[in-house]
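Grab a pencil and have a look at the molecule below. We'll work through a few short exercises together.

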Amino acid sequence: MRQPLNRNLVSALSRQTHLSFVQTEAHNHIQRLRNCSDFVSAASLHSKVLKSGLLAHTFTANHLLNCYVRLRRIDHARNLFDEISEPNIVSWTSLISGYVDVGRPGIALCMFGKMPGCSVMPNEFTFATVIKACSIFSDLRTGKEIHARLEVFGFRVNLVVCSSLVDMYGKCNDVDGARRVFDLMGCRNVVSWTSMITAYAQNARGDEALQLFREFSHLMSDRPNHFMLASIVSACSSLGRLVSGKVAHGAVIRGGHDLSDVVASALVDMYAKCGCLDYSDKIFRRIRYPSVVPYTSMIVGAAKFGLGKLSLELFSEMIDRGIKPNDVTFVGVLHACSHSGLVDEGLEHLKSMFDKHGILPSTKHYTCVVDMLGRTGRLDEAYQLAKSIQADQNFGALLWGTLLSASRLHGRVDIAVEASKQLIDSNQQVAGAYVALSNTYILAGEWDKAHNLRSEMKRNQVRKEPGCSWIEIQDSSYVFYAGDVSSCAQGTEVVNLLRELESRMKERGYVGGSNGLVFVDVEEEAKGEILGLHSERLALAFGLINTPKGGTVRIMKNLRMCTDCHEAFKLISAIVERDFVVRDVNRFHHFKNGFCICGDFW
């Protein structure tokens with residue numbers, strides 16, 4: 001006779017069968033959740049998980065939570081999180097990451113602050129995520145607090161966390177803080193190197209970015225990724241280093257990153273800022289589906305060259321292709337109109353910003369319009385517009401500095417006095433405001449007021465930023481300061497060449513010093529002999545001596561080019577039969593055969 005099965009054994013087998021069924025169901029649901037790519041399917045799976053009772057299992061619930069986060073349905077993710085009876089570190093980190101990804105870093109940081117009260121300890125991914133939230137906010141204070149906490153938790157040498165810290169400090173403009181973390185890292189990967197290089201590049205420390213890139217190339221076997229290369233190209237842009245930029249372009253091609261939108265956009269910007277707009281156009285035209293970023297780079301580049309109509313053509317082309325402009329695009333468009341005297345077109349584009357594209361004009365857009373009106377002599381309109389704008393301190397300084405420059409140009413002492421007062425009272429551009437107002441008085445023949453203002457500058461120890469120019473030859477840069485021949489490379493040869501060129505210019509009717517006064521954005525240099533030793537002239541002579549005949553001489557300048565040097569460069573370009581490209585703080589000047597592309601309008 002068959003013996004009846006033991007009841008305990010039957011019960012155990014039943015439980016095992018049920019557990020196996022549950023595990024299979026859970027596995028199937030998890031696989032579907034991993035492959036889910038739309039919200040309708042996710043909601044359907046949510047319903048099935050709920051009916052099967054698997055939502056009580058934190059492991060399965062986390063997969064559903066991750067699915068909502070991946071689909072950027074953060075509110076559904078939050079509702080689910082609140083239903084999980086025992087959310088673990090994966091649950092918390094997933095939701096915090098979701099808030100960061102949808103641009104709500106404040107809530108992410110708030111969630112992180114609640115974790116200790118729920119007895120859930122953060123891991124490396126949690127810390128990396130909340131550090132990223134601080135990066136988005138540029139919240140250095142909170143970032144430092146989190147840095148202190150992660151050291152207590154023992155993550156001070158963790159690769160993922162430290163790479164995030166380097167990025168956070170860089171985005172918060174604390175480059176030295178980023179470097180301290182970077183130097184303490186026991187091991188580094190391409191991400192940490194990229195974060196540090198980017199920190200230098202984004203904070204106007206391009207030389208250090210290039211130096212660190214050289215160290216990376218020497219020490220690491222890894223190839224640079226496209227983000228690192230884009231940062232290096234951007235560093236070359238800010239420095240005006242065409243030779244270094246071409247070397248970086250070579251690295252881009254060797255690494256197969258030349259079709260990357262990020263890198264291509266950086267290259268378009270770099271060649272434009274280094275005075276090679278033709279190169280920019282060639283790279284731009286190779287981008288199969290250009291986004292708003294490369295279009296904006298081309299629009300701004302053409303504007304800097306005074307090619308306003310080309311900028312507007314590019315803008316129209318972009319709109320025709322269905323690409324939505326952003327606020328930076330309109331800065332480029334308005335800048336183009338300003339530097340080409342296209343006032344009516346500029347005002348029309350300003351009006352279209354909100355009417356057609358839903359972009360509310362900001363102070364930087366109105367500053368372009370003030371500049372545009374001021375350049376064409378419509379000072380009263382420019383002044384009324386400037387007075388009507390509520391701007392913060394930094395943008396306000398740019399706005400009133402722009403008006404001051406225009407009022408100086410047209411000899412409007414009344415407006416120059418008001419603009420200078422605004423700058424001095426706000427403690428912004430103080431030295432420039434004093435110099436500009438002083439020179440406006442001189443142009444108006446009010447020498448006593450100019451003298452009193454200069455005396456006040458000396459009493460208050462206000463000094464103008466010294467003018468300097470630099471030139472890149474092969475892989476070296478040479479810097480020149482106005483009137484400083486003693487520290488000038490090949491100083492004797494440079495001065496001799498300038499004297500020779502001045503003699504030949506005078507044969508063509510040149511009268512030095514007649515327009516040599518300098519203004520708000522121009523270095524303060526005396527008339528007469530020192531006028532021939534402006535920093536850009538020293539750089540030009542050095543370039544003519546040390547570059548092959550027929551080649552273009554490219555010069556960068558930290559301030560605005562004065563009218564006398566501008567006239568001299570036109571004449572010298574015809575005398576020596578060579579092209580010169582000068583990038584000053586305002587725009588590009590391309591001198592060729594006795595003319596400049598700006599048409600003497602800058």
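The exercises below go through a sheet and a helix pair in this predicted model.

**Exercise 1.** Work out the order of the strands in the open sheet, and find which strands are its edges.

*Solution.* Start by lining the strands up: the sheet has 6 of them, in the order S2-S1-S3-S4-S5-S6. The pairing along the sheet is mixed. Now look for strands that pair on one side only: these are S2 (476-481) and S6 (595-596), so to speak the edge strands.

**Exercise 2.** Describe how S5 and S6 are joined.

*Solution.* Find S5 at residues 588-592; 2 bridges link S5 to S6. Next, check direction: the two strands run antiparallel. Then pick out a facing pair: Phe-591 sits opposite Cys-596 of S6.

**Exercise 3.** Which strands does helix H28 lie across?

*Solution.* Locate H28 at residues 535-546 and follow it over the sheet: H28 lies across S1 (468-473), S2, S3 (553-557) and S4 (580-583). As for direction, H28 runs at about 15° to S1.

**Exercise 4.** Decide how H15 and H16 are oriented to each other, and what kinds of residues make their contact.

*Solution.* First, take the geometry: H15 (residues 261-273) packs on H16 (residues 277-286) at about 165°, with the axes 7 Å apart. Angles over 145 degrees count as roughly antiparallel, so H15 is roughly antiparallel to H16. The crossing of H15 past H16 is left-handed. Next, list the contact residues: among them are Leu-267 and Tyr-271 of H15, and Ser-280 and Phe-284 of H16. Finally, sort the contact by class: 9 residues are nonpolar, 1 is polar and none is charged.

Definitions and conventions: Residues numbered from 1 in each chain as written. Predicted model: local features only at pLDDT ≥ 70, side-chain atom pairs only at ≥ 80, totals over all residues. Heavy atoms only, no water. Helix = DSSP H or I, 4+ residues; strand = E, 2+ residues; numbered from the N terminus. Contact = heavy atoms within 4.5 Å. Axes fitted to C-alpha atoms, helices over the stretch in contact; angles between N-to-C directions. Parallel < 35°, antiparallel > 145°, perpendicular 65-115°, else oblique. Left-handed = near helix turned anticlockwise from the far one by under 90°. Nonpolar A, V, L, I, M, F, W, Y, C, P; charged D, E, K, R; others polar.
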